[in-house]
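User: Could you take me through how the helices in this model get their labels? I would like to see the reasoning behind each one.

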Amino acid sequence: MTDSVPADRAVPDPGAAGPADPADWLTLPDVAERLDVSISKVHQMIRDRELIAVRREGVRRIPTDLVANKTVLKHLPGVLNLLADAGYDDEAALRWLYEPDDTLPGATPAKALAGDQAREVKRRAQALGF
């Protein structure tokens with residue numbers, strides 16, 4: 001069950017991790033439609049750390065760029081599991097994925113996951129556990 005807060009009473013958190021533009025977020029039903037799966041499957045994917053969802057304005061949301069071309073980014077589940085093993089909760093993992101990093105093409109690990117630097121992002125996530 002998801003809690004919701006009326007839009008007129010929701011207070012955006014300026015320090016919240018992830019994309020700053022609300023258009024860059026998908027609700028869980030939007031993700032289910034994009035992936036052509038049931039909403040139950042999306043919930044299972046979140047539990048299995050294949051996807052990451054956080055509450056924004058009282059609704060669980062997933063960054064749009066993590067669900068590309070009708071599929072989840074190939075290395076995302078591995079990175080999410082490595083971050084969880086390193087003790088990161090969902091908010092901290094999302095913050096790490098969207099932390100600007102000038103040494104990566106795309107400037108964030110989340111953007112680099114979609115390109116040819118995905119293995120480097122995975123390597124860096126793995127190093128966090130040590």
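Analyst: Gladly! Let's begin with handedness: a crossing is left-handed if the near helix is turned anticlockwise from the far one by less than a right angle, and right-handed if clockwise. Keep in mind that this is a predicted model. By that rule, the crossing of H3 and H4 is right-handed.

User: Why is H3 called oblique to H4?

Analyst: Helix H3 (residues 76-85) and helix H4 (residues 90-97) pack at an angle of about 120°, and their axes lie 10 Å apart. Roughly perpendicular covers 65 to 115 degrees and roughly antiparallel begins over 145. The angle fits neither class, so H3 is oblique to H4.

User: Which residues make that contact, and what is their class?

Analyst: H3 brings Leu76, Val79, Leu80 and Leu83, while H4 brings Ala93, Trp96 and Leu97. By class, this contact of H3 with H4 has seven nonpolar residues, no polar and no charged ones.

User: What makes H3 roughly parallel to H6?

Analyst: The axes of H3 and helix H6 (residues 118-127) cross at roughly 15° and come within 8 Å. Angles under 35 degrees count as roughly parallel, and that is why H3 gets this label with respect to H6. The crossing of H3 and H6 is left-handed.

User: Which residues are in contact there, and how do they divide by class?

Analyst: On H3 they are Gly78, Val79, Leu82 and Leu83; on H6 they are Val121, Lys122, Ala125 and Gln126. The contact of H3 with H6 divides into five nonpolar, two polar and one charged. Gly counts as polar in this scheme, and Lys as charged.

User: How do you know that the buried residues of H2 are on the same side?

Analyst: In helix H2 (residues 39-47), Val42, Met45 and Ile46 are buried, which means under 20% relative accessible area. They cover an arc of only 100° around the axis, so they sit on the same side of H2. An α-helix has 3.6 residues a turn, so residues three or four places apart point the same way.

User: What is on the other side of H2, and what do the buried residues pack against?

Analyst: Ser40 and Arg47 are exposed on the other side of H2; the cut-off for that word is over 50%. The buried residues of H2 pack against helix H1 (28-35), strand S3 (59-63) and strand S5 (71-72). After H2 comes Arg49, with a positive phi near 60°.

User: How many helices and strands does the protein chain have?

Analyst: The protein chain has six helices and five strands, and 37% of its 130 residues count as buried.

Terms used
Residues numbered from 1 in each chain as written. Predicted model: local features only at pLDDT ≥ 70, side-chain atom pairs only at ≥ 80, totals over all residues. Heavy atoms only, no water. Axes fitted to C-alpha atoms, helices over the stretch in contact; angles between N-to-C directions. Helix = DSSP H or I, 4+ residues; strand = E, 2+ residues; numbered from the N terminus. Contact = heavy atoms within 4.5 Å. Buried < 20%, exposed > 50% of the residue type's maximum accessible area, 1.4 Å probe, protein only. Arc of directions from axis to C-beta.
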